[in-house]
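Colleague: Please take one part of this model and look at it closely, beginning with the chain to which that part belongs. I would then like to hear how the other chains are arranged, in one connected account.

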Amino acid sequence: MSEKTDKAGGNGKLKIGMYWAASCGGCDISLLEIGPHILELIEVADVVLWPCAADFKYQDVVNYPDQFIDVCFFNGGVRNSEQEEIARLLRRKSKTLIAYGACATDGGIPALANTKTVEGIFAASYHDCPSLDNPAHVEPQPITQSEYGELEIPRFYPQVLRLSDVVEVDYQIPGCPPQAERVWEAILALVGGQLPARNSAVKVACFDKSVCDECPREKRKVKIKEFKRPHEAMAEAGWCLLEQGFICMGPATRSGCGALCVKANLPCRGCYGPSGEVQDQGAAMIGALGSILDASTEERAREMIDHIVDPVGTFYRFTMASSDLKGRR
Amino acid sequence: MVETPGSCSGSGNEHENDARIGVFICHCGGNISDVVDVKRVADEIGKLRGVVLSTTQMFVCSDPGQGLIEQKIKELGLNRVIVAACSPTLHQLTFRRTVARAGLNQFLFEHINVREQVSWVSEDKELATQKATRLIRAAVGRVQHLMPLDKRRIAIHPTALVIGGGIAGLVAARDLAQRGMKVTLVEKRPFLGGRVAQLNTLFPTGEDAREALNKVIEDVVNHPLVTVHTNAQILDSEGVVGDFRTRIRIEPRGANEHLSYRGNAIAACPEQTINEFDFGLSQRKAIYMAYPGCYPPIPAIDWHTCTKCGKCVWAVGGKGIDLTEQPREITLHSGVIVLATGSDPYEPLYGEYGYGIFPRVITLPQLIRLLDPQGPTGGQLPRNGGGPTRIAFIHCVGARQIEGVNQRQPDGKVKDYCARTCCTAALHTALEIKQQHPEAVIANFYQDIRTYGRGHEAYYERASESGIVFVRYDPHHRPMVEKDPKGDSAFVVKSHDLLTGGLDVEMPADLVVLATGVVPHDISELVGMYHCAVGSDSFLLEVHPKLRPVELAVSGVFLAGCCQGPMDVTEACAAASAAASKAAALIAQGQVEMDPFIAKVDEELCTGCQTCLTVCPYDAITREETRGIAVVSEARCTGCGTCVATCPSNAIQQFGFNDAQVLAEVKALLQGAALG
Amino acid sequence: MTSPHVKTNEGYRRISIDPVTRLEGHGKIDIFLDKDGEVADCYFQVPELRGFEKFCEGRPVEELPRITSRICGVCPEAHMMASAKACDAVYKINLPLTAKLLRELQYNIFFVADHTTHFYALAGPDFVMGPTSDPATRNLIGVVRKVGLEVGGKVIKCRQWGHEAAAIFGGKPVNPINAIPGGMSKPITSEERARLDEIVAFMVEFAKFTLKLFHDVVLSNSQYLDLILNGPFRHETYSMGLVDDKNRVNFYDGKVRVVDPEGRELCKYAPADYTKVVAERVEPWTYLKFPYLKQVGWKGLVDGKDSGVYRATPQARLNAADGMNSPEAQAAYEEYFETLTGDRSGKKPVHHTLAIHWARLVELLNAAERAQELLRHPEITHPENYRVLPTEVPSEGVGIVEAPRGTLTHHYVTDEKGIVKKVNLIVGTTNNHAAICMSIKKAAQGLIHKGVEVTEGLLNMIEMAFRAYDPCYGCATHSLPGQMPLRVTIHDAEGAVIAELKR
Amino acid sequence: MAEAHIVQQEVTPAAVGWEPRIIAFLCYWCSYTGADAAGTARLKYPPNVDIIRVMCSGRIDPELITTAFAHGADGVMVCGCHIGDCHYISGNHKTMARMPLLKRTLVDLGIEPDRFVHEWVSAAEGEKFARLVREVTERVRRLGPLGWPQRMRERGVGCGMSLEPWGA
C-alpha cells in the first residue's frame, strides 16, 4: 500500500475517500466509532474526500489524477443519476473502491423502494400526503428554468442499484452500519496489505458464518408452533427467538455485528446480508423457515404462513437490490 | 480422484475447463427420432464448449451402442458422458456400468430423458427438437460441475433379524437359514403362527392351514442357525445397514419345558378372559395355549389376567411353573432387518351393518373360527329353528370405501383400498358351509367379485353353480341390515341389485357375515425406530413398487408379507422369500454399496445454527458439541437433500446435486430465454 | 452535480458550491451574479429523495421504528422515538411509567452526544479558530490544539460514553432498535443504572464546561459578538418547539407551540393536529419540500410576520418556550435572552441565526440535567413496567419529538392488522428548509458585492449561514485534517469558465 | 417527472415466435416417474416445460426458483410426492411449507400466481402431470413473457443507467 502511495507522489500517507450516496449517514458515523483509532488513522492516512466532514468539492475530485485515491469507501446505494456519475468518477480516481455498508453492498433499507413504483414514490411525497399544499401538482424536475438560468437536480432512477451494479467493486463491507471494531481490523489489514485478492465477491470486516454463531441464546431443537410479531409477546430470555416464533433472520445473516439486536431482545433483521456463499438472503431464509414449521398438514402450514405479514419486507429488509430478482416487476 | 469433505461446495467448478464431454443421442428405433430431429440436436450440442463428441445411435443401450461409448471414452479421452435416450429409471444403471467398464468414474455420467419426457409426449417436431436440445444443453452445463464419486461401502454383520412370527416371518427366517445365514426371529406374542393359525383350510389347495403352518414352524425352530424369541417386545433400535443393534424385552412365560401336566394347570386356573384367538367368540384362562399343537408347546401366562393365586402351581406340584420369573432385556446385533409385522382384520365400527349391536352380525374371520371343528362351537353354526340357515355375506366391509359415502375411520381416513383376499376367502368359506349344510341359503352382497389369483376364479364359478346368490350393490348405496319386523328371521338385509337393473331386494337372514378388509398391524413405534416410509393407506411403503418391491428406503430393512399391504398366504410367502433372498444377498456381499448422493457439511461455513437438526427424516444430522457444527452420518443419510435446501448458509451440499450443478442446469436451460 | 451543459442566462454568472460540504444527504448552492457582480438570486438545492413514505407502506407498523431510524444515521434515536410514539398512538397504548422514563432518559442522553458533536466539530471551529482562519486548522483538531488536548479528550469521551449509553438501552450504538410499540425492548438493571449515573454526571459537568468555553471564546470576543448580533445572519420568523404542560422545553414529549416573531403564541397543538398547523409546498428545483404555517400562509422565501416560514431550531425551541425544566439550564436560558434581547424572561424571541449555537449549548446542559433527574427516579429500573403489550385494534397515529435539528413528525395509518397503509414524515431539517435558503441568500447578498473579492473565508461565512442550522442529517465531524482547497468556478452564459476562486 | 422514469414495463405477448419457457423441478421417486408414466401412456402435452430432476422435492431450494425467474423463466413448476407418500418420509413436508411462503413472496414482487405452480404428482398420475403441464403452459402463455432479465437491465441492474459516464 504505502509503496503505491509513494508512486502517487503523495506524502507517503494513504489517501482515503469516503462518499455517501443513497444512505443515512450512519456509515459515516460508524467510521467515527473507531474512536481513539481515528488518531492512529490520521498518522497513516489523509482524507481527500469526505463531503459530510471535509470541504472537498466534486470539481476537486474531477481534478485529481486517475487512481489518485488509494482507498475509497463508498456508502449508500445508487438512487439517482448523480450518484451513478460520482460512482463512476470515484472508480476512475480510486485504486481500491470499497462498497461500505448495507446500502452499497445490497441496497439496504432504501432498496425497499424497489418493491414500489416510481410514480408511487412521487405520489406519496408530492401528491398524496396529508400535510401537502401542492395545488399545481408540482413535481421536482431534472431541469427547472429560473429567471437567471437552469437549475438542475439529478434524475431519479427506476430502482435502487448496488454500487457493484454500476462499477467494478474491489471489496464489500456489509452491515447497517458496519461495526467499528470489524472496520478498524479491515483498515489495518488494508494498510498492511493483508486483505485477500480484490474481488467484488469478497466481503471483509465481517465473518463467513451467520449471526447464530455470535448469538448467546440457546437452541432447544423444537419446531415453530406459531409465528409472533415482536410487539405481540414477551420473548423468553435466553431462548432462541426463532424457535419462540419470532421471525429472526439470524440464521440467514452474515455475522460480524455481534448479534446486537438479539441481545436487545429483538430479532435480527438481516442487515449484514446473506451468509456463507448464499446469493439470495430471502430465498435462503424461506428455505430454512419452511423446514422448521410444526405443521403436519398443508392447511396448518398455510395458517402459520398467513401470520407472516410481510414476507418481502422481512426476508429482503436490507438486500432487495442484491437479491436474485432485484426488485418488483 | 474422489470427492473429499468440503470439495462438495456450491462453486465446485474446478472441472469446468478440462471437461471433455461425449454426448450419445439415441434414436431408440424411431421412438425418439420419429419426433425429435436427433441429427440436428447432435449438431447443435456439438457446438457447445467442452463437447468433443456429439453423435447419434440407433440403440445406445445395445451392445454396439455401449461398445461405442467405451471405445470413444478411450479413443477421445472423454471424461464426461451424456446419454440422451429413454428414462434413467430404465437404463441409467446400464450406462453407469458401461462408462465404468471404460475406466471412467460411473458418476461422471449423465442420463437425459428424451423419450418418455420428449418424443412420446410431443406433437410438434420442431418444438420437441428444441426441447431435446435444451435438456441436453442443460446436461452439458451440469456435467461440467460433476465430480468423481465413490459408492459408499459398509460391512454387514452376518445375522438377520426377522421381526414377526407369522407365516411371512417364518418363511423369511426359514429361507435365510437355508441359505446358511444366522437368523434371530422375534415374536411379540407367546406363540408363533400369527393369522394363518386362525384359518382352517387354505385356498386354492384346501389343505389344512395349521398343518401347513406347522411344517414351516418345524423347519424354523429345528434349524441350528435360527434363534426364536417369543413374548419379545422391541424396545429400541439404533445403527444402520450392516450394523443394527436392537434391544428387546422378553416377558416371562411363566411356564417352562419341565411342565408335564399342562391340562391340570390350565384347568386349575380360576381366571377367565376373552380369547383373542377366536376374535372374542370364546373365553380362555390366564394360563393358556393358543390352540392345540401350537408352538412353543408350552402354556404361557397372560400376566394382565393372572392374579398369581398359585392354583396352577399347586395343580402341577410346583414343577414347571414359576410365577416369580422376571422379564429380561437383550440386545440383538444384526446386519439386516426383515419386517414381517403382518396385518389385522378390519374391525367394523360400532353399528356398521349392525355390528356390535346384533350378536349375529359377525365378521368373516369370526365365521372361520366358528367353522373350526376345534373352534368355540365345535364347528356349529347358529341355527334357524328347524329351517335352513340363511346367511348373508356383505363384501367390501372396511375396503374400497368412498370418501363422503362411508363413515371416516378414527384416523380420519376411509379405507379406500381393495383388501384383495376377502372375495376369495368369503366364497371359499361359503362353499365350505354349503358342503356341510347343502340346505343353507347363502347370498353375497358385493360391488365387484375379485377372485384374481390362480384357481380363485373357480370358487366363483362353483359358488354360482351351487346356488349361492349374488346381489350386486352400487358402492354409493351400500346394503342395510335391519332387524326383521316380522320376526321370522333375525334380520332383513336390504339392497338394490344392479344385476337385475337396480331392483330392490330384501333377504331374511339368520347370520350376517361381514367380509372385512385388512389393516396393517399397529407398529407405529417401529415405524419411528426404523424411519419407515408409510403410504397413505398406512401400510409400509417400498422403495419402488416394481423395481424394488420388498425394500424400504432405509437400506438394510426389508418388507415381508402383509405389513406392506393385503396379501393372501401365497403372496405373503412369496414376498417373504423375496425379502429373504434380498437380505441374504446383502449379507452375502459382506458389505453394502450405497449411492453416494449424500449430504455433506462444509465445516468452514457451518454456523451451528442448528436449523437442520430438526429437519432430517432419518436423524442423520447431529451437532458436534466441541466445534458447535452439524455433522451428517454417511451411513444414515439417504440422500434426499432436504437439509441442503434448508441450510441458510448453503453450508450443506449434496453430492451429485450440489448448488453449482443444479444452478448450472437451470441457467443452461434458460440460455436465450433472457432475450424473450 | 451540475453538468457543464446546464444553461446560465445571458448576462448572469453562476457560482456553484457543490456539494455543500458537512451536510449529510446532499446539498448544492447555486449563486447567480448579475453583470454588476451583485447577487441576483441564490438557490439551495437538496438533490435527494429516498421515498420512505412510500416503501414503508405494506410493512408491519411495529417494524417502522427499526426502518425509519435509517432515515438518518446521525439522529436515528430521534426517528426511532418519533416512530415508536406514532406506533403507541396507532395501538392507542398508554405507556407504563418506567417505559416513559426510559425513553425520555435515552433520548436526552442522545441529545447531549449529538449537540456536543455539532458544537465542537461543526460550529466550534468557526469561532474558536475564526471564520476566516486557515481552513487546514479550522477543524476539531485545530480546536483541540488551541484550547488544549484535555478538551479534545473530553469531547471524544462524551461521544463514546454517549454511544455506550445508547448501547446499554438499545444494543446498537448506531441505529438503535430498542423502542417498540408499548415501550422498550428491555429494562435496565441497577448495575446499568449505576454506570449511566457516572456517564450522565460527567455529561452535566461537560455541558457546564462547554457553556463556559463558549463564554470565554465567543461572547467575550467583541468581533464575534458583533458578527452574531449585526452580521447578515438575522431573520424574523415564527418559532416552533415542543413544550411540557408548564410551557417548558421538552425534547421527548408534550405539545408543539408556535410563537410569532414578537413572541406571541400563535398556537399550541397536540401531535394528532399537526396537519391543521403545518402544510408543505413543493418546488420543482429541489426534492425537499417547504413546510409553512397554514394559518399565516405561504408567501415564498421571505421572512416577517406575514410569511408562514418558521424555524424549528434550538433557538426556536427556546423562543417557543417560557423556560427550561432544569435549574442550571433555566439560568443559562435567562442569561441567553438577557444578552440577546435584554429581557431575561424569554418573552422576546431571538432571531440571530448564529446565536442558534448558543441556544444549542443551553439545551446541551438541559438535556444532561434532565437525564440525571430521570435516572434518579425510583421506578427507572422496574423489571416489568418497561413494556406493555398492545390490546387495541391498530388504526392511525402521530408521534412527535424534538430532533436536535427541529420538530420531527411521524404519521402512520394502518389496517386492522397493523399493516401500514400510509406514512407521512416531516423531518427536523425540512422545517428549516425555507429559512436555510433565505439565510444563505441573505448571507450571499450581504457578503458578495461588486468589487469584493470572493475569498475562501467569505465563502465559508456563507456556509456558516446553513451550518448554524446544523442541517444534518449526517454530518458528524470534520475531525480529520488534510483539506483540499475549495474551488468555486464561475461560468459565463455559455458555461465556459471565466473565473476560478481558490482557497 | 415520474413518467420520465418509468421503464417501458410491458413486453408484448405477441413477441414474435415467443414460446413460454417453464422450468419444472420434479422429485425422482413420484413426480418424475409420474412424468414418465405420461410418456409411457403417450399422453401429449406442450413442449414448453423443461424438467429438472432432484431426489426429493425437499431438495428444491427456493433459490433455484428465484434464479430460474431471474434468468428468464416465464413460469416454474414444483412437483413432489403426495403428503404421506414421500419416499423420504417427510421431505415433502418441507416443500409443503416452503412453496406457499415463496409464492406469497413472489406474488408480492409482482410475479402472477399462475406463473408459479406447486402440485403433488404421484408415480401413477401421468394423466395428472400431462394435464398440469397443459394448464400451466396455457395460463403462462396468456400472461405473456415475464422477461425479468431485460426488465432489470432496462432499470440499470448490472450496468447502470447513464450512457456516457460523467466527466468522460
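Modeller: Chain A, in what is a predicted model, has 13 helices and 9 strands. Its domain assignment gives domain 1 (2-109 + 159-191), domain 2 (118-157) and domain 3 (207-329), and the C-alpha centres of domain 2 of chain A and domain 3 of chain A lie 38 Å apart. The C-alpha trace of chain A spans about 70 × 55 × 30 Å along its principal axes. A compact globule of 329 residues would have a radius of gyration near 20 Å, and the 22 Å of chain A agrees with that expectation. Of these 329 residues, 66% count as buried. If one takes the contacts in chain A between residues at least 6 apart in sequence, 73% of them join residues at least 24 apart.

The part of chain A that I would examine closely is the side turned to chain C. Here 79 residues of chain A are in contact with 92 residues of chain C. The elements of chain A that each supply at least two residues to this side are α2 (26-32), α3 (37-44), β2 (45-49), α4 (58-63), α5 (81-93), α7 (118-127), β7 (150-152) and α10 (260-263). Among these, α2(A) provides the largest share, with 6 residues. Sorted by class, the side of chain A that touches chain C holds 42 nonpolar, 17 polar and 20 charged residues. Among the 4 pairs of chains that touch, chains A and C have the most contacts.

The other chains put this interface in context. Chain C has no contact with chain B, and the closest C-alpha atoms of that pair lie 21 Å apart. Chain C also has no contact with chain D, although there the closest C-alpha atoms lie 8 Å apart.

Chains B and D, by contrast, do touch, with 44 residues of chain B in contact with 48 residues of chain D. On the chain B side, at least two residues each come from α4 (115-119), α5 (125-143), α15 (642-646) and α16 (659-669), and α16(B) gives the most, 6 residues. The residues of chain B on this side are 22 nonpolar, 14 polar and 8 charged.

The helix α16(B) deserves a second look, since it is mostly covered, with 10 of its 11 residues buried. The buried residues are D659(B), A660(B), Q661(B), V662(B), L663(B), A664(B), E665(B), V666(B), A668(B) and L669(B). Both chains contribute to what covers them: the cover includes α5 and β32 (652-654) of chain B, together with β1 (22-27), β2 (49-54) and α3 (62-70) of chain D.

Chain D, the partner here, has 6 helices and 4 strands, which follow the pattern α-β-α-β-α-β-α-β-α-α along the sequence. Buried residues make up 64% of its 168 residues. Of the contacts in chain D between residues at least 6 apart in sequence, 82% join residues at least 24 apart.

Within chain B, the assignment gives domain 1 (21-151), domain 2 (159-251 + 330-342 + 521-591), domain 3 (262-326), domain 4 (351-518) and domain 5 (598-654). The C-alpha centres of domain 3 of chain B and domain 5 of chain B lie 53 Å apart.

Another helix of chain B, α7 (residues 209-221), can be checked for length and for its faces. At 1.5 Å a residue its 13 residues should span 18 Å, and the end C-alpha atoms are indeed 18 Å apart, which agrees. Its buried residues are A209(B), R210(B), L213(B), V216(B), I217(B) and V220(B). Seen down the axis of α7(B), these buried residues fall within an arc of 125°, so they line one face of the helix. The general reasoning behind such a pattern is that an α-helix has 3.6 residues a turn, so residues three or four places apart point the same way. On the other side of α7(B), E211(B) and K215(B) are exposed. The elements covering the buried residues of α7(B) include α6 (167-178), β7 (182-186) and β8 (226-229) of chain B.

Technical notes
Residues numbered from 1 in each chain as written. Chains lettered and ligands numbered in written order. Predicted model: local features only at pLDDT ≥ 70, side-chain atom pairs only at ≥ 80, totals over all residues. Contact = placed C-beta atoms within 7 Å. Nonpolar A, V, L, I, M, F, W, Y, C, P; charged D, E, K, R; others polar. Domains from an automatic or database assignment. Expected span 1.5 Å × (residues − 1). Buried ≥ 20, exposed ≤ 12 C-beta atoms within 10 Å, placed from the backbone. Arc of directions from axis to C-beta. Rg over C-alpha atoms; globule rule 2.2 N^0.38 Å.
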